[in-house]
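Thanks for coming. I have one structure to show today, and I will keep to what can be read from the coordinates.

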Amino acid sequence: SLFEEKDIYLKLFKYLLECVKNGSEPNIFIVYELELNEVYSLATKISLQIDPDQKEEYFKTLIKNLERKYLFSYLRNSITKGDYEKIKQIQEKLKQF
């Protein structure tokens, strides 16, 4: 079935591998849907299959996307709490991307 967890991760893995091969950046929203350990696991598998020259750029992009993911998460929490000072700080960091 399409919605079996294993099948979804296989499709995601193939998608990320294609992005690496094409030199394109993965859709950031896909990274947002994963937990950190899942991203790490997929990144490890992909790194074994890509050209060593591409690895550095791939991991830089992945780290940047993860940083953005957690900034958005902190932003959402700060908005919920009404912490306007923290909201301003996070918005400034997001502008750096």
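I will go through the confidence, the fold, the pocket, the salt bridge and then a few single residues.

First, a caution: this is a predicted model. The mean pLDDT of the protein chain is 77, with 81% of its residues at 70 or more. Confidence is not even along the chain. Helix 2, residues 28-32, has the lowest confidence, with a mean of 64, while helix 5 has the highest, at 88. Please keep the value for helix 2 in mind when you look at that part of the model.

Now the fold. The protein chain has five helices and zero strands, so in sequence order the pattern reads α-α-α-α-α. The chain has 97 residues, and 31% of them count as buried. As for contacts, take the pairs at least 6 apart in sequence: 56% of these join residues at least 24 apart.

Next, the pocket. What is the volume of the largest pocket? It comes to about 190 Å³. The lining consists of C19, V20, G23, S24, E25, P26, Q54, E57, Y58 and T61. Two elements, helix 1 (5-22) and helix 4 (52-81), each give two or more residues to that lining. The largest share is from helix 4, with four residues. By residue class, the lining divides into four nonpolar, four polar and two charged.

On to the charged pairs. How many salt bridges does the structure hold? The count is one. In general, side chains of opposite charge can pair when their charged atoms come close. Here the partners are K95 and E92, and their closest N and O atoms are 3.2 Å apart. Both residues belong to helix 5, and because they are three residues apart there, about one helical turn separates them. Are these two residues buried or exposed? K95 counts as exposed because its relative accessibility is 63%, and the cut-off for exposed is over 50%. E92 has 45% relative accessibility, so E92 counts as partly exposed.

Staying in helix 5, which covers residues 84-95, we also find Q91. Its relative accessibility is 39%, so Q91 is partly exposed. Q91 and L71 are 20 residues apart along the chain, and their C-alpha atoms are separated by 8.6 Å.

Let me turn to a buried position. S78 is found in helix 4. Why does S78 count as buried? Its relative accessible area is 7%, and buried means under 20%. Leaving out residues up to four places away in sequence, S78 touches D83, K86, I87 and I90. Of those partners, K86, I87 and I90 fall within the 84-95 range of helix 5.

The last residue is K45, in helix 3, which spans residues 36-47. K45 has a relative accessible area of 44%, so K45 is partly exposed. The separation between the C-alpha atoms of K45 and L17 is 9.3 Å, with these positions 28 residues apart along the chain. L17 falls within the 5-22 range of helix 1.

To recap: the model is predicted, with five helices and zero strands. The largest pocket has a volume of about 190 Å³, and the one salt bridge joins K95 to E92. That is all I have, and I am happy to take questions.

Methods
Residues are numbered from 1 along each chain as its sequence is written. This is a predicted model: local features need pLDDT of at least 70, side-chain atom pairs count only at pLDDT 80 or more; totals for chains, interfaces and linings use all residues. Side-chain values use heavy atoms; hydrogens and water are left out. On a 1 Å grid over the protein atoms alone, a cavity is a set of points where a 1.4 Å probe fits but cannot get out, and a pocket is an open set with protein on both sides within 12 Å along at least five of seven lines; lining residues have an atom within 4 Å of a point. Grid points are joined across faces, edges and corners, and a volume is the space filled by probe spheres set on the points. Ala, Val, Leu, Ile, Met, Phe, Trp, Tyr, Cys and Pro count as nonpolar, Asp, Glu, Lys and Arg as charged, and the others, Gly among them, as polar. Buried means under 20% relative accessible area, exposed over 50%, partly exposed in between (1.4 Å probe, protein chains only). A salt bridge is a side-chain nitrogen of Lys or Arg within 4 Å of a carboxyl oxygen of Asp or Glu. pLDDT is the predictor's confidence in each residue, from 0 to 100. Contact means heavy atoms within 4.5 Å.
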